[in-house]
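These are my notebook entries on a single chain. I set down what I looked up, entry by entry.

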Amino acid sequence: MVKKLTKERPMKTDIEIAQAATMLPIVDVAAGLGLDPDDIDLYGKYKAKIHLDVLERLADRPDGKLVLCTAITPTPAGEGKTTTNVGLAMGLSRIGKKAISTLREPSLGPCFGVKGGAAGGGYAQVVPMEDINLHFTGDIHAITAAHNLCAAMLDNHLFHGNELNINHNENVSWPRVVDLNDRALRQITIGQGGEGVERRTSYDITVASEIMAIMCLATDIEDLKARLDRIVVASTLWGRKVTAQDIRASGAMAVLLKDAFAPNLVQTLENTPAIVHGGPFANIAHGCNSVQATRMALKLADYCVTEAGFGADLGAEKFFDIKCRYAGLVPDCIVLVASIRALKMHCGVPLAELKKENLSALSGGLANLEKHLENMQLYGPPVVVAINRFPDDTDAEVALLEERVAALGSTVVLSDVWAKGGEGGEELARAVDALCSGAEKPPFLFLYDLGLTIK
């Protein structure tokens, strides 16, 4: 179901736009995907978790098309991958396709830090935005609990005799986690005053936990349990690796994650379904939403629109060479998001001048876009460059960028989803649909073989 929207919309803050949204009950959004009330667990009126047995029931249904939204090297504020993802899903819905936006869950650290939330922006958001950006359905809290349970059991083992002969002075590699930016906890001493074995350790942010990466790569509950068993937490005095299974923590960790493993269903501002699940950082993990979420969307819709963190040289590469490889996914199209402000910055123009028309700076910054485009073409799927328009972009700048990208031999589309929502994503949706429906596409390729050495 897609709401009718006016062409002219007042410019408001993201929060004002989200609060003014007319959301459908999540049971109605689920029904639009063919899901019964028994297929979901409600977390209030507008959030739900989808039962994993839905995947088993739909195993024989053909997959929809898989579209990856990635980006050129971003500015510190980001270039709008999530906004483009959401706007494209809404645009596909408006042209008659059943689409699902699949995204990562925001971490509280960036939400309360400089970066802010991760639910899209303008008129291309997923809602309820405040819930998604804060505690949501408790998935990240469950990962925090599972991670810290393992840490507590490890220190308890040390305190009660250290039967495994763990070298606690040097070779305990499992920290603790909290989902906040708390610099004071990066290096700490625990066990003081005889309350345990005194040693130095640290805190990471929860989404950097190995458990987050594991949960998002696991193909089913049994795979999740097996991956938890293999987590290395320390080494013995003789150099043998000690695992979570060795300290008998992995079973209890799996119990804490049983609900978090199920994908979360929400909606966009235009009531297009969105599955928001998992959120490993791309700089230390693979930076993609969960395999479960992607597989669910592919079974429930014509199009699964997903994304990967950071620029294409990091996030997209890990999406292809890690997530797609292990999950057996084959992408049908790549959307490479570019913005005029980023191209100017990559040319060395001072940030204070980004609001001014500067065609020479824009032209010079195209080298960054050209290299990202070349990298994406190595994988095989067709690529469309989406120019994510910002309010300060001039018509002359947009025209020049369209001309120069077209000269590189790529499809290029202006995306105005921040200001116009799904209406501003219809042209991009048609371009993606055309590329995915092409008669013959090059084969999907990985850039390296797993048999190679690390070096």
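I take buried to mean under 20% relative accessible area, exposed over 50%, and partly exposed in between, with a 1.4 Å probe and protein chains only. I am working on a predicted model, in which local features need pLDDT of at least 70 and side-chain atom pairs count only at pLDDT 80 or more, while totals for chains, interfaces and linings use all residues. Residues are numbered from 1 along each chain as its sequence is written, and side-chain values use heavy atoms, with hydrogens and water left out.

Entry 1: backbone exceptions.
I looked up Asn165 and found a positive phi of about 55°, although the residue is not a glycine. For elements I use DSSP runs numbered from the N terminus, helices being H or I with at least four residues and strands being E with at least two. Asn165 lies in the loop between α7 (139-159) and β7 (176-178). Is Asn165 buried or partly exposed? Asn165 counts as partly exposed because its relative accessibility is 32%.
I then turned to Asn271, which also is not a glycine and has a positive phi of about 70°. I located Asn271 in the loop between β13 (264-268) and β14 (273-276). Its relative accessible area is 4%, so Asn271 is buried.
I noted a cis peptide bond from Val127 to Pro128, with omega near 5°. Pro128 sits in the loop between β6 (124-127) and α6 (129-133).

Entry 2: two helices.
I compared end-to-end spans with an expected value, which is 1.5 Å times one less than the number of residues in the helix. Helix α7 has 21 residues and reaches 30 Å from its first C-alpha to its last, close to the expected 30 Å. Just after α7, Gly161 takes a positive phi of about 105°.
Helix α12 (residues 312-327) has 16 residues, and its end C-alpha atoms are only 20 Å apart, short of the 22 Å of a straight helix. Where is the kink in α12 centred? I found it centred on Phe319, at about 30°. The bend at a residue is the angle between axes fitted to the seven residues ending there and the seven starting there. Phe319 is itself buried, and I list among the other buried residues of α12 Ala312, Gly315, Phe320 and Asp321, as well as Lys318, Lys323 and Arg325.

Entry 3: strands β3, β15, β16 and β17.
I count two strands as paired if DSSP finds at least two bridges between them. Strand β3 (residues 65-71) runs parallel to strand β15 (residues 303-307), with five bridges joining them; there Leu66 stands opposite Cys304. Five bridges also join β3 to strand β16 (residues 333-338), again in parallel. In this pairing Val67 has Cys333 as its bridge partner, and Leu68 stands opposite Ile334. I then followed β16 to strand β17 (residues 383-388), where the two pair in the parallel sense over five bridges, with Val337 opposite Ala386.
I looked up burial next. Six of the seven residues of β3 are buried, and six of the six in β16 are buried. In a regular strand the side chains alternate between the two faces of the sheet. In β16, Cys333, Val335 and Val337 on one side and Ile334, Leu336 and Ala338 on the other are all buried.

Entry 4: the cavity.
I define a cavity on a 1 Å grid over the protein atoms alone, as a set of points where a 1.4 Å probe fits but cannot get out; lining residues have an atom within 4 Å of a point. Grid points are joined across faces, edges and corners, and a volume is the space filled by probe spheres set on the points. How many cavities of 30 Å³ or more does this rule give? I obtained one. The largest cavity holds about 70 Å³. Its lining includes Glu105, Pro106, Phe136, His141 and Asp179. I sorted the lining into six nonpolar, two polar and two charged residues. Here Ala, Val, Leu, Ile, Met, Phe, Trp, Tyr, Cys and Pro count as nonpolar, Asp, Glu, Lys and Arg as charged, and the others, Gly among them, as polar.

Entry 5: two buried helix residues.
Leu428 is found in helix α18 (residues 426-436) and counts as buried because its relative accessibility is 0%. Ile340 is found in helix α13 (residues 340-346) and is buried, with a relative accessible area of 1%.

Notes. On a 1 Å grid over the protein atoms alone, a cavity is a set of points where a 1.4 Å probe fits but cannot get out, and a pocket is an open set with protein on both sides within 12 Å along at least five of seven lines; lining residues have an atom within 4 Å of a point.
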